[in-house]
Amino acid sequence: VNVGHRRWCLYPRSMNFATGDQPGTYVMGQPLVPPTNVFYVSQEDQEYWNGESPGFVTYPPAGYFPAALNSPFWSVSMEGADFSNASVTVKDARGSLVPISGLITNAIFGDPAVIWKMPATAAVKSVYNDTSFTVSVAGIQGDGVPACHTYKVTLINPDRLTCNQAISGSAKPVAGKS
C-alpha cells in the first residue's frame, strides 16, 4: 500500500487543493451515473511552494492524534531522503516492541517515504485511555538528511474528558455584573 492520496495531501510543497462532488443520476432508483468526488492535488509546477523543506512528515503526526483518524498504514517521508535501507521499530508505552509488517519504500507520490502496517491492536479507531507509541526510523540516507528520526504518537479520544469538570461558585448571577 503506497498511501498515495494521503501522501499527496501531506506533501509540504503543495499549496492549492480543490474538491468537487456530483450527486449522480438515477433512473428508477438505479444509478445511471454514480455519485463522484474529484480531488485536485497533482499540481502544476508553478503551484508548488519553493521554500525550505519542513523536514520529516509523519502520519500519524507526532504528538496527540485523534484515534478516529488513525490508519493501519503509518508513514514517514522527507524531501531528499533515501529510505531503501531504513528500518522501523515501534514501541508501546511500556517499551515493548509492536510487531509491524509490510515495510515498503516509495518515492513516487510526494516526497520519498517508508510505509508500514501496524497490527490491529495499534490501528484502532477508538481508545478509552491515551495510547502512546514511539516510532524510530534508522538507516535513512541522503545529503543533509538525518540518519534517524524518532517521535512519539499518542492516540486520544477527544470526546472523553479525563479531568474533573466541576463548576464552583454561585448558581445565580449577580445583578448588574457581567
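Let's start with one small detail: the side chain of S71 reaches the backbone nitrogen of F73 at a distance of 3.0 Å. Keep in mind as you look that this is a predicted model.

Where does S71 sit? You will find S71 in the loop that runs between β6, residues 63–66, and β7, residues 73–77. Is S71 buried or exposed? Its relative accessibility is 12%, so S71 counts as buried, the cut-off for buried being under 20%. If you leave out residues up to four places away in sequence, S71 touches R6, Y59, A123 and K125.

From that loop, step back to β6 and follow it into a sheet. Five strands form this open sheet, and their order is β6-β13-β12-β8-β9, with mixed pairing. Its edge strands are β6 and β9, the latter covering residues 97–98, and each of them pairs on one side only.

Now move inward to β12, which spans residues 131–138. Which strands can you find beside β12? In the order of the sheet, β12 stands between β13 and β8. With β8, residues 87–92, β12 pairs in the antiparallel sense over six bridges. To see one pair for yourself, find K91, whose bridge partner in β12 is T134. With β13, residues 148–156, β12 also pairs in the antiparallel sense, here over eight bridges. Here too you can pick out a pair: S136 has T150 in β13 as its bridge partner.

Next, let's visit the surface. V27, M28, L32 and V33 make a nonpolar surface patch of about 450 Å². One of these residues, L32, lies in strand β3, which covers residues 30–33. L32 has a relative accessible area of 59%, so this residue is exposed; the cut-off for exposed is over 50%.

Our last stop is G102, in strand β10, residues 101–106. Is G102 buried or exposed? G102 is exposed, because its relative accessible area is 55%. Being exposed does not leave G102 without contacts: not counting residues up to four places away in sequence, G102 touches I115 and W116. Finally, try locating G102 and N129 together. The two are 27 residues apart in sequence, and their C-alpha atoms are 28 Å apart in space.

Terms used:
Residues are numbered from 1 along each chain as its sequence is written. This is a predicted model: local features need pLDDT of at least 70, side-chain atom pairs count only at pLDDT 80 or more; totals for chains, interfaces and linings use all residues. Side-chain values use heavy atoms; hydrogens and water are left out. Helices (H or I, at least four residues) and strands (E, at least two) are DSSP runs, numbered from the N terminus. Buried means under 20% relative accessible area, exposed over 50%, partly exposed in between (1.4 Å probe, protein chains only). A polar contact is a pair of N or O atoms within 3.5 Å; within protein, one must be able to donate a hydrogen and the other to accept it, and residues adjacent in sequence count only if both atoms are side-chain atoms. Contact means heavy atoms within 4.5 Å. Two strands pair if DSSP finds at least two bridges between them. Patches are made of residues with over 30% relative accessible area and no salt bridge: like charges are joined within 9 Å, nonpolar side chains (Val, Leu, Ile, Met, Phe, Trp, Tyr) within 5 Å. Accessible areas come from the Shrake-Rupley method with a 1.4 Å probe; for residues, only the protein chains shown count as cover. A salt bridge is a side-chain nitrogen of Lys or Arg within 4 Å of a carboxyl oxygen of Asp or Glu.
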